[in-house]
Amino acid sequence: MATSQVTEPYLEVLTRASPHTGRHFRLEETGLVPHVDTLRRGTRRGIENVLDEAGARPEDITRVVPIAIGAVVLDLVLSDTPLGIRADDTSWTFGRHLGHAGPSDALLALDRLFRSGPLRAGDRVLVVSFGFGFRWTTALLEVTRDAGPPAAARTTPREGHS
C-alpha cells in the first residue's frame, strides 16, 4: 500500500571505525542513549508517512513486524509513534527466539506469519525496520488472500505411494 524511506545522514559517522580508541565504531563510544530522540523521530516519521500515503489510521493496522533487535530499544521507538505500542505487541517475540538476522528480520517474520496462518485477506501489516547509518524503511502491506500452510502440507499422498 505504501513505503517510506527516512534518513538522518549526519549520524552516518557513528558507524565509521574509530582508529584512535581501538573501538570498532564510534557508536560504541557514544552508545545509543544520545540518539534515542533521533531513533524515535525517524521511526515516527516513517510510520506517519505510510499511514498518510495509504490513507490508513493506526487502528487499521492488524500486525506490526519490526526489526528483531532488543525489546528495550523497540519499546523506546515504537511507543512514541501513532501506534503507541511495545515490542510484545509485535512479531518481535519470533525475532527474539531466532535472533537478529539483519535486513532479513522482516522477511523471516512475514514468512512465519504467512506460513503459520494467522493472516487473513484485508489484514494490514506494518513493517518497521531501521539500521545504523541511520536509515528507516517502513512499509504498509495489505494481505489479499488468507494465509495458511504451504500447498504441499495441505495435499494428501497419491494413491499407491506412502
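1. Long-range contacts come first. In this predicted model, 66% of the contacts in the chain between residues at least 6 apart in sequence join residues at least 24 apart. The chain has 162 residues, of which 38% count as buried, and it exposes about 9,500 Å², with carbon and sulfur atoms supplying 52% of that area.

2. On secondary structure, the chain comes to 6 helices and 4 strands, and their order along the sequence follows the pattern β-α-α-β-α-α-α-β-β-α.

3. Leu126 offers an example of a contact between residues distant in sequence. It lies in strand S3, which covers residues 124-131, and its C-alpha is 8.8 Å from that of Val50, although the two are 76 residues apart in sequence. Leaving aside neighbours within four places in sequence, Leu126 is in contact with Ile47, Val50, Ile61, Arg63, Val64, Val65, Leu83, Thr138, Ala139 and Leu140. Its relative accessible area is 0%, and Leu126 therefore counts as buried, the cut-off being under 20%.

4. Two threonines of helix H2 may be read together. Thr43 is placed in this helix, which spans residues 36-54, and Thr38 lies in helix H2 as well. Thr43 counts as buried because its relative accessibility is 1%; for Thr38 the value is 6%, so that Thr38 also counts as buried.

5. The polar partners of these threonines can be given residue by residue. The side chain of Thr43 reaches the backbone oxygen of Leu39 at 2.8 Å, whereas the side chain of Thr38 makes a polar contact with the side chain of Arg41 at 3.2 Å.

6. Their surroundings, not counting residues up to four places away in sequence, are as follows: Thr43 touches Val77, Leu78, Thr81, Val128, Phe130 and Trp136, while Thr38 touches Glu8, Tyr10, Leu11 and Trp136. Trp136 thus appears in the contact lists of both threonines.

7. Turning to enclosed space, what does a rolling probe add to the picture? Rolling a probe the size of a water molecule over the atoms shows where empty space is left. The structure holds 1 cavity of 30 Å³ or more, and the volume of the largest cavity is about 60 Å³.

8. The lining of this largest cavity is made up of Pro66, Ala68, Ser91, Trp92, Phe94, Gly95, Leu98, Gly99, Asp105, Leu108 and Ala109. Helix H4 (92-98) and helix H5 (105-116) each supply at least two of the lining residues, and H4 gives the most, with 4 residues. By class, the lining has 7 nonpolar, 3 polar and 1 charged residues.

9. The largest pocket, for its part, has a volume of about 460 Å³. It is lined by 22 residues, and those closest to its centre are Ile67, Pro103, Ser129, Phe130 and Gly131. The elements that give two or more residues to the pocket lining are H5, S3 and strand S4 (135-142). By class, this lining has 14 nonpolar, 6 polar and 2 charged residues.

10. Some elements and residues recur across these points. Helix H5 supplies at least two residues to the lining of the largest cavity and gives two or more to the lining of the largest pocket. Phe130, which is among the residues closest to the centre of the largest pocket, is also one of the residues that Thr43 touches. Strand S3, in which Leu126 lies, is likewise among the elements that give two or more residues to the pocket lining.

Notes
Residues are numbered from 1 along each chain as its sequence is written. This is a predicted model: local features need pLDDT of at least 70, side-chain atom pairs count only at pLDDT 80 or more; totals for chains, interfaces and linings use all residues. Side-chain values use heavy atoms; hydrogens and water are left out. On a 1 Å grid over the protein atoms alone, a cavity is a set of points where a 1.4 Å probe fits but cannot get out, and a pocket is an open set with protein on both sides within 12 Å along at least five of seven lines; lining residues have an atom within 4 Å of a point. Grid points are joined across faces, edges and corners, and a volume is the space filled by probe spheres set on the points. Ala, Val, Leu, Ile, Met, Phe, Trp, Tyr, Cys and Pro count as nonpolar, Asp, Glu, Lys and Arg as charged, and the others, Gly among them, as polar. Buried means under 20% relative accessible area, exposed over 50%, partly exposed in between (1.4 Å probe, protein chains only). Contact means heavy atoms within 4.5 Å. Accessible areas come from the Shrake-Rupley method with a 1.4 Å probe; for residues, only the protein chains shown count as cover. A polar contact is a pair of N or O atoms within 3.5 Å; within protein, one must be able to donate a hydrogen and the other to accept it, and residues adjacent in sequence count only if both atoms are side-chain atoms.
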